[in-house]
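This report goes through a two-chain model by sheet, helices, interface and salt bridges. The sequence and the coordinates come first.

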Amino acid sequence: MPSVGDRALPLRIDGLSVRYGPLPAVSGLRLEVRPGEIYGLLGSNGAGKSSTLRCVVGLQTPSAGTVEIFGEDPVRRPEPARTLLGYVPESPLLFDALSPHEFLEFLAGVRRLPAELADARSRAYLAAFGIEAEAGRPLATLSLGTRQKVLLVAALLHQPPLLVLDEPFNNLDPRTVRIAKELLAAYVRDAPRGILLSTHTMEIAQALCHRIGILDEGELKAEGTYAELAAGRPGAPGGLEEVYLGVTRSEAVVRDAIRNLRGV
Amino acid sequence: MGWRAAFRLGSVAYRELSFQAIYATRQGQPLPEAAATDDLGRTAARRVRESKLLVSALLAGISAVAATALSPRVQIFLGPEVAPPLYQAAVLATALLLELSLLWTTGLQILPTFLGSRILPTLAVLPIPPADRDRVALLLFLRTFDLPALTVLLLLPLFTGIALGNAAAGLALVPGAGATVLLAFALALATGDHFVRRVQGSPTGHRATALRWGYLVLWAVPAFAIYAFVSFGPELLRALAALAATDPNGLTALLLCFPFPYALLPALAATPSAGALGLGAGATDLLLVAAAAYAGPLALVARWLLAAPGRLALAAADTDPRAPTARRLRVRPPAVAVLVKDLRIASRSPAFGYVVLLPLLEAVVLGASTFVNSPGPVTVFRLGVAAVATSALLATFFGPVFFATELMGSAYVRSLPLAPRSVVLGKTALLVAVYAASALLLVGFTAARVVAPAILLLFVLAELPALLAAGLFEMAFLFRVSVGRELGLTNLYTGARWATAAALPGLALAGGPLLLYALQPERLPGIGLMALFALGELAAVVPVARWWTRRWRR
């Protein structure tokens, strides 16, 4: 088990709690993202996924607990911690007035990337996602899917050792989802990097994530590889979806909702 | 759906618009963590009310000053050579134009929020007929300006009636006040429409950027008009008097322009003798006919206005079909990257663009005005000093607007390793650059006609540390407010409270050395003292700014 302040561990969350006034959003969360690992965080709406991710990137101050990115605390020392991560937020709300090219220039400046490297990477990623032709148009005029692609390029531009992705496949077409999945799998395979990914899409989590954590009402209810999670539930032929419903005790809720809708 | 139902739906939409005007969540701003969720809506409504009150107070101030200027005792100072009814008409026309400019400017300020709130696109998917949707949009737009518009409609006629001691004179100004409000709204929406269609979708590239800045000059005009009328008021009155004496037909033609025919009505109501204007009886009748004739185009404007807010809120930007040229990525140091990003945002946004352009336009107009009447070198130097001082104060006054760009996409930007120092320095650099560019323009205009142009350059340089101090103070203060409490400045209209709180100390810092210079009889010792004082201010502000940005880390 890595020790506290472990500089080799992409992410360590220990006893994390987040409250909105009297409302608890996350309670005593404990998890790690290991080198070479994609960790998928599953949960229903309001389960606390986005709050957790926002604490990791330093957008939110936890009520209790600690977050460490390669040993750096994003609350106490935000700049060094933020240098080590790339973030895709839940909504692609950016500078509408800037073009993707101008936005990437701003990011390259803030991240102090060498010009040649930044240019080469931006060209390569824009081409990979098929949006070179849109790179000079203001973001306000681009589709949600294209903005999402720009966010992925922005997160990858400095090739950080930790990627924090909040619903990264939202608004993307199937071809781009496939490209992004391949790219992310290779990203952690080729170097000791880590990815923390939140998603509602079970097949993506099942296919892409090395380990999965199931968050319900702010608490981590189950954690492990898909095989480990499914092993405890022999009657889970429906894959991760069945596992998820079982862990969160949602089968009865789903049955009741469908029954109540009959005849509506 | 009738107007009553549209008003009810508009009230719900207005609550959302108020919320977006303050919290801008649809522009990527995170909600303040400390605030209780139930309080957010109430806080937004209160803050929007405060802003309306502040703008209305400013409009009421213009009305009060105009009413004071109507007094014969003030006329002795401002325009003794002008016939009193003509003088009154000129004062009221100026007041109407000032109020039109202020409403137009605030309209442009709120426009990005009006469009960014995406309220109308949400309504567009509901089964509401387009005509009803347009009614909701119109009511939403009008409610944003209800108090300022009422201030113009009621206070200016009321104050005029009191000042002229004649209730009929006050009532006679109501049509002019109504026309002013109508035109201000129409101009704000028409320029906004232009913004969405031609500028928002404009691609990158030097030509497109130059074109965008060219368009932005259009938006700087209303704000600049406020300044120009205040600065050149006495000259305008003298020109009117000269025209009345030499070319009565020319004067009549000038008086036919809006809003003179309406501004003449109170004077005619108070002094019904046609000859008192200094024009023939026929000319006065012509002006009365013109006032009535303007009702036709104004009715068309009102009709256009019925559907304009709805159409604008659903308009899509014109996209250039040609693929933009591929360029290499240029990497700049963080503070410069912030500055360039802000300039790029300003070039595509009327709310920010005019702040950059206003001091530059002022420099061009005042610089050009030094050629009028061939003044001597001493006068040119004095005019140059006054213009540089005005540039400094204008840049400082509008500086807080630069911070509003920080709220766009701020949820994302706050995840970047961007030191608070870089944000504050980048925005301060923009403010100082705007001052330096306009001041250098003025030096260029006057260099050939003053005895020692280097002294004017020294004056510009002596003021520079004060501008730096003012910028650092304003930006660090707004940074502290934004991180410590709530993000308080989405635009100059709804963020008026924080903008004023930052701009007043900033103005004091920028104005201190200027005042010292004005009190000194000798030029060079004055500039020396000014520089020392400015450097002292900078030395005092730097630790405060550092403390604010260190204590309130993002």
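Which side chains meet in a salt bridge at 2.9 Å, N to O? They are those of Glu105(A) and Arg344(B); a salt bridge here is a side-chain nitrogen of Lys or Arg within 4 Å of a carboxyl oxygen of Asp or Glu.

## Basis of the values

This is a predicted model, in which local features need pLDDT of at least 70 and side-chain atom pairs count only at pLDDT 80 or more, while totals for chains, interfaces and linings use all residues. Residues are numbered from 1 along each chain as its sequence is written, chains are lettered from A and ligands numbered from 1 in the order in which they are written, and side-chain values use heavy atoms, with hydrogens and water left out.

## The interface of chains A and B

Chain A and chain B bury about 4200 Å² between them, and 59% of this lies on carbon and sulfur atoms. Buried area is the accessible area (1.4 Å probe) that two parts lose on being put together, summed over both. Phe95(A), Glu105(A) and Arg137(A) supply 15% of the area that chain A buries against chain B, more than any other three residues. Each chain gives 48 residues to the contact, where contact means heavy atoms within 4.5 Å.

Five salt bridges cross the interface of chain A and chain B. Glu105(A) and Arg344(B), the pair named at the start, also belong to a network of salt bridges with Glu102(A) and Arg332(B).

## The sheet of chain A

Chain A holds an open sheet of six strands in the order β5-β6-β7-β3-β8-β9, with mixed pairing. The edges are β5 (85-88) and β9 (219-224) of chain A; each has a single partner strand, so one side of each is left without a neighbour in the sheet. From one strand to the next the twist averages 15°. Helices and strands are DSSP runs numbered from the N terminus (H or I, at least four residues, for helices; E, at least two, for strands), and two strands pair if DSSP finds at least two bridges between them.

Strand β3 (residues 37-43) of chain A pairs in the parallel sense with β7 (residues 194-198) of chain A over five bridges. Glu37(A) has Gly194(A) as its bridge partner in β7(A), and Leu41(A) stands opposite Ser198(A). Five bridges also join β3(A) to β8 (residues 211-216) of chain A, again running parallel, with Gly43(A) opposite Leu215(A). Seven of the seven residues of β3(A) are buried, so this strand is largely enclosed by the rest of the structure. Buried means under 20% relative accessible area, exposed over 50%, and partly exposed in between (1.4 Å probe, protein chains only). Glu37(A), Tyr39(A), Leu41(A) and Gly43(A) point one way from the strand, and Ile38(A), Gly40(A) and Leu42(A) the other way.

## Helix α4 of chain A

Helix α4 of chain A covers residues 115-128, and its end C-alpha atoms are 20 Å apart, which agrees with the 20 Å expected for 14 residues. The expected span is 1.5 Å times one less than the number of residues. Its buried residues are Ala118(A), Asp119(A), Arg121(A), Ser122(A), Tyr125(A) and Leu126(A). These pack against α3 (100-110), α5 (144-156) and α6 (174-189) of chain A. Just after the helix, Gly130(A) takes a positive phi of about 70°.

## Chain B and salt bridges within chains

Chain B has 23 helices and zero strands, and 55% of its 554 residues count as buried. Asp342(B) and Lys427(B) meet in a salt bridge (2.6 Å, N to O). This pair links distant parts of the chain, helix α15 (residues 334-347) and helix α20 (residues 420-446) of chain B, with the two positions 85 residues apart. Asp342(B) is buried at 2% relative accessibility, and Lys427(B) is buried at 0%.

Two other bridges lie within single helices. Arg135(B) and Asp132(B), at 3.7 Å between the closest N and O atoms, are three residues apart in helix α6 (residues 130-144) of chain B. Arg135(B) is partly exposed at 23%, whereas Asp132(B) is buried at 7%. In chain A, Arg178(A) and Glu182(A) form a salt bridge at 3.5 Å, and both lie in helix α6 of chain A, four residues apart. Arg178(A) is exposed at 53%, and Glu182(A) is partly exposed at 49%. Over all chains, the whole structure has 22 salt bridges.

Technical notes: Axes are lines fitted to C-alpha atoms, for helices over the stretch in contact, and angles run from 0 to 180 degrees between N-to-C directions.
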